[in-house]
Amino acid sequence: MNEPKQPRKLNTGSASGRSSAPSGSTGRRINRSGSSASGSSQRTVYHASEQPRRQAQPAAHRGQPRRRPKKKKSPLKIALISLLTLVTVVCVGLFGLYQWVVHSISPDGGTPSINELINTPSEYQGDVVNILVCGIDYEEGRAYSNDPTSNDGMTDMIMYVNFNVKEKKINMLQIPRDTYAGEEYSTGGTGKINAVALRNEGGITDLAKLITEQYKLPIDYYVTIDMQSLKEIVDLFGGIEVYLPQEVADGKGSRLPAGPHNLDGASVEFLVRNRHGDGYAQGDIARLDMQRYFYQGLFNRIRTATVWDLAKLTPVALKYITTDIPGDTLVSLGVSFLQVDSANIMMCKVPTYSAAERYNGQSIQVCDTTKTLELINTYFLSYTTPVDSLNVPTLATAGSSTDPNVQYMGQLDTEAEGGSASEAG
């Protein structure tokens, strides 16, 4: 009886001279010969890799990708995606609107720019920005130019703003509108600084040049605001919370009592224009001090403004504001301003004397150069080399000069909070 044949074993050992498949090959090479590899013929047989074979699939399913079961999105996830999409669309729209406004109030052409010769020294640019801010008064019934049919306005609000971006500090210097400007620039015979922009060909840039020459203050940009816009801005904000330390009255029946108020546009216009009543012995000088309480309320309101508030202010900005600040710089300064604490925002004014005699029949103020020099070196040129003297023109004076009245917004905030608490009590 024949014994069943045993399966033939393949010897892959090196004893018989057979070589293993090189590392990384897909099969094994088998040497059928028992002789040495040298000098003998060999037959090489390749077998498939010994990796486990996949189970054969039906022909109908071969080559088709495997489908994963779809996951159902939860209602919450759908709502979040929808909300995110809506917010994105709104943000893009508002950003486009904002860019349009920025480029409209500071166009590339047509708006005069401050001469680079009076800019902040190059080594401080970017860290410190100096801006001339002017409120143009187009009060109805007042014509200032040689054309009797026009109603050109004067810069009745002149403020020099030193913004130390690096240290997050803002110092503001109020220049009284009746300050004597000398005779180098035309003033229409008034001698007052508020007529310089109107009476000279360079307009606001000539006013900036005068301030740099006389007060040694560098200026990078300017912003002009039509004072008529105050009414619209305040009403669009729904009023401004303002604390008044004393009554404001014009002697003609109009008055605002001391204490906290939510002032509408007409009331704010009365407050910033009024130069009469008790405590207004030096009308325009006292008005500058009272205006600070409005600025305090306005700054606080701006800090709480929403995107919708800014959208509502768009037409006002287009109508009433002009500046030569580039759009990207304007955005950067706006963001930096929101990071400044009110305790680091200071306001003061140029100390002045009353002129001993009228100038061409006009009552004017004369700068106290000694006090002003100290004020400028302490608060407005502290980042650079102080100056030794000013070039401000003078006249014969009478009496003592006014106090610069250095105040910080933090102080005004505390005063307003105390007054409101007392009123509530």
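This passage walks through the overall make-up of the protein, its nonpolar cores and its aromatic contacts, as seen in a predicted model.

A good place to begin is the general picture. The protein has 425 residues, and 43% of them count as buried. Its secondary structure consists of 10 helices and 16 strands. Contacts that reach across the sequence are well represented: among those with a separation of 6 or more, 67% join residues that are 24 or more positions apart. The accessible surface amounts to about 24,700 Å², and carbon and sulfur atoms account for 51% of this area.

Turning to the interior, the largest nonpolar core contains 45 residues. Within this core, the residues with the most contacts are Ile170, Met172, Val242, Leu271, Phe294, Ile345 and Met409. Helix α6, spanning residues 283–303, supplies the largest share of the core, with six residues. Met172 offers a helpful view of the surroundings of one such residue. Setting aside neighbours within four places in sequence, Met172 touches a set of residues that includes Met159, Tyr160 and Val161, the run Met346, Met347 and Cys348, and also Phe299, Ile345, Phe380 and Met409. Separate from this core is a second one of 36 residues, with Leu132, Ala197, Ile204 and Val350 among its members.

Aromatic rings add another layer to the picture, with five aromatic pairs in the structure. One of them brings together Tyr160 and Phe380, which are both in contact with Met172. Their rings meet edge-to-face, with 5.9 Å from centre to centre and 65° between the planes. Because Tyr160 belongs to strand β4 (residues 154–164) while Phe380 sits in the loop between α9 (369–379) and β15 (397–398), the pair ties together parts that lie 220 residues apart in sequence. Both Tyr160 and Phe380 are buried.

A further pair, formed by Tyr180 and Tyr359, is tilted, with a centre-to-centre distance of 5.5 Å and an angle of 55° between the planes. This pair also links distant parts of the chain, as its two residues are 179 residues apart. Tyr180 is found in the loop between β5 (169–175) and α2 (196–199), and Tyr359 in the loop between β13 (352–355) and β14 (365–367). The relative accessible area of Tyr180 is 6%, so this residue is buried. Tyr359, at 15%, is likewise buried.

Finally, an aromatic ring also meets a charged residue: Arg303 lies over the face of Phe337, at 5.3 Å from the ring centre.

Methods: Residues numbered from 1 in each chain as written. Predicted model: local features only at pLDDT ≥ 70, side-chain atom pairs only at ≥ 80, totals over all residues. Heavy atoms only, no water. Helix = DSSP H or I, 4+ residues; strand = E, 2+ residues; numbered from the N terminus. Buried < 20%, exposed > 50% of the residue type's maximum accessible area, 1.4 Å probe, protein only. Contact = heavy atoms within 4.5 Å. Areas by Shrake-Rupley, 256 points an atom, 1.4 Å probe, with all protein chains shown as cover. Core = buried A, V, L, I, M, F, W, Y, C linked by side-chain atoms within 4.5 Å. Phe/Tyr/Trp six-rings, centres within 6.5 Å; stacked < 30°, edge-to-face > 60°. Lys NZ or Arg CZ within 6 Å of the ring centre and 35° of its normal.
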